[in-house]
Amino acid sequence: MTVFRKIRKKLLDSGKLKSYLAYAFGEILLIAIGILIAWKINDLNEIRKNRIVELKIYESLYDELNTNLKILNTSIDRYSESSKRLESTMNYIGLPPKEITEGAKDTIVHINYSEINLLEGALNSVISTTKFELIESDSLKSLITNYPAEIQKLKSIDSKIKEIVLDRLQPSLEKHLALKDILSKDNPKYMRIQEFGEQSNYNDLLHSKDYQNSLVDRFLQTENLLTSAKKLRNRTQVMSLKLRKELGYTL
């Protein structure tokens, strides 16, 4: 800057006004260009920092979604198996007691319920904070915004099934059946309860209106749960593929 001042003073002292004005304009232009370059460098640094944060967000979402995919795959297999068992149980209604085989009894007794636990930590962290604004992809934003509603729908159906099992099916089973049927008949430790314990009445159970209604209700809800789980799995797969692409992973 000292050099610039000396040049300006020399031009003023020599009376060369035009040269001075031209020089002054050039100096101002040079400073402006310098400011623009500095601003651009700072802007590029901010973009780079935001991109790093964005990729970290994508990584956490990608890991969470892949875990959910594994959970959903396992759950869908379980729901399909439950649906088949419920259909089989409904087909036992009306059969003579002698035709209710040990295999049929086993199907009736084992109502098999397991609550689904999907991960939402990374997703909620993104949606509820400023991290969401760092995501550049509009399609990803839309998928992320709608995803929690799909999870809640699945959980809502799962909650209904839990209520049916605990509050309706299980009490019906306990009323008509003896839990000793679950125990091994060949184990001498259970000999006395097997011989002297109260007997199960599968015929009365299968002809109970409350049990039949609970059975049908659970079957219908399980079918709804299976449909919802498959839909959520497809949504999860789409999101996972988009995140994989953003992260530059090999497809």
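1. Start inside the protein. Helix 2 gives the most to the lining of the largest cavity: four residues. This is a predicted model, and the cavity is a feature of that prediction. Helix 2 covers residues 17-92. Helix 3 (102-109) and helix 8 (209-246) also take part, and each of these three helices supplies at least two lining residues.

2. Now the size of that space. The largest cavity holds about 100 Å³. Its lining has 13 residues. Nearest the centre are L86, T107, H110, I111 and R218. By class, the lining splits into six nonpolar, five polar and two charged residues.

3. How many cavities of 30 Å³ or more are there? The count is two. The second largest has a volume of about 80 Å³. R218 is in its lining, together with R78, Y79, S82, N112, Y113, S114, D158, I161, T222 and L225. R218 also sits among the residues nearest the centre of the largest cavity, and that makes R218 a good residue to find on screen.

4. Which helices build the second cavity? Helix 2, helix 5 and helix 8 each supply at least two residues of its lining. The classes here are four nonpolar, four polar and three charged.

5. Turn to the open spaces. The largest pocket contains about 230 Å³. It is lined by 13 residues, and the closest to its centre are E102, K105, D181, K185 and Y202. Helix 3 gives the most to this lining, with four residues. Six of the lining residues are charged, four are polar and three are nonpolar.

6. The second largest pocket has a volume of about 170 Å³. Its lining consists of V109, H110, I111, Q170, L173, E174, L177, L179 and I182. Helix 5 gives the most here, with three residues. Six lining residues are nonpolar, two are polar and one is charged. H110 and I111 appear in this lining, and both are also named among the residues nearest the centre of the largest cavity.

7. Look at E174 in that second pocket. E174 belongs to helix 5, which spans residues 138-176. Is E174 buried, exposed or partly exposed? Its relative accessibility is 49%, so E174 counts as partly exposed; the cut-off for exposed is over 50%.

8. E174 also shows how the chain folds back on itself in sequence terms. V109 is 65 residues away from E174 along the chain, yet their C-alpha atoms are separated by 9.7 Å. Both residues line the second largest pocket.

9. Step back to the whole chain. It has eight helices and zero strands. Along the sequence the pattern reads α-α-α-α-α-α-α-α. Among contacts with a separation of 6 or more, 78% join residues 24 or more positions apart.

10. What about the surface? The chain has 251 residues, and 33% of them count as buried. The exposed area is about 15,900 Å². Carbon and sulfur atoms supply 56% of that area.

11. Last, check the confidence. The chain averages a pLDDT of 84, and 84% of the residues score at least 70. Which elements have the lowest and the highest mean pLDDT? Helix 1 (residues 2-14) has the lowest, at 53, and helix 8 has the highest, at 95. Helix 8 is one of the helices that line both cavities.

Technical notes
Residues numbered from 1 in each chain as written. Predicted model: local features only at pLDDT ≥ 70, side-chain atom pairs only at ≥ 80, totals over all residues. Heavy atoms only, no water. Buried < 20%, exposed > 50% of the residue type's maximum accessible area, 1.4 Å probe, protein only. Contact = heavy atoms within 4.5 Å. Areas by Shrake-Rupley, 256 points an atom, 1.4 Å probe, with all protein chains shown as cover. 1 Å grid on protein atoms, 1.4 Å probe; cavity = no way out; pocket = protein on both sides within 12 Å on 5 of 7 lines; lining within 4 Å. Points joined across faces, edges and corners; volume = space filled by probe spheres on them. Nonpolar A, V, L, I, M, F, W, Y, C, P; charged D, E, K, R; others polar. pLDDT = per-residue confidence, 0-100.
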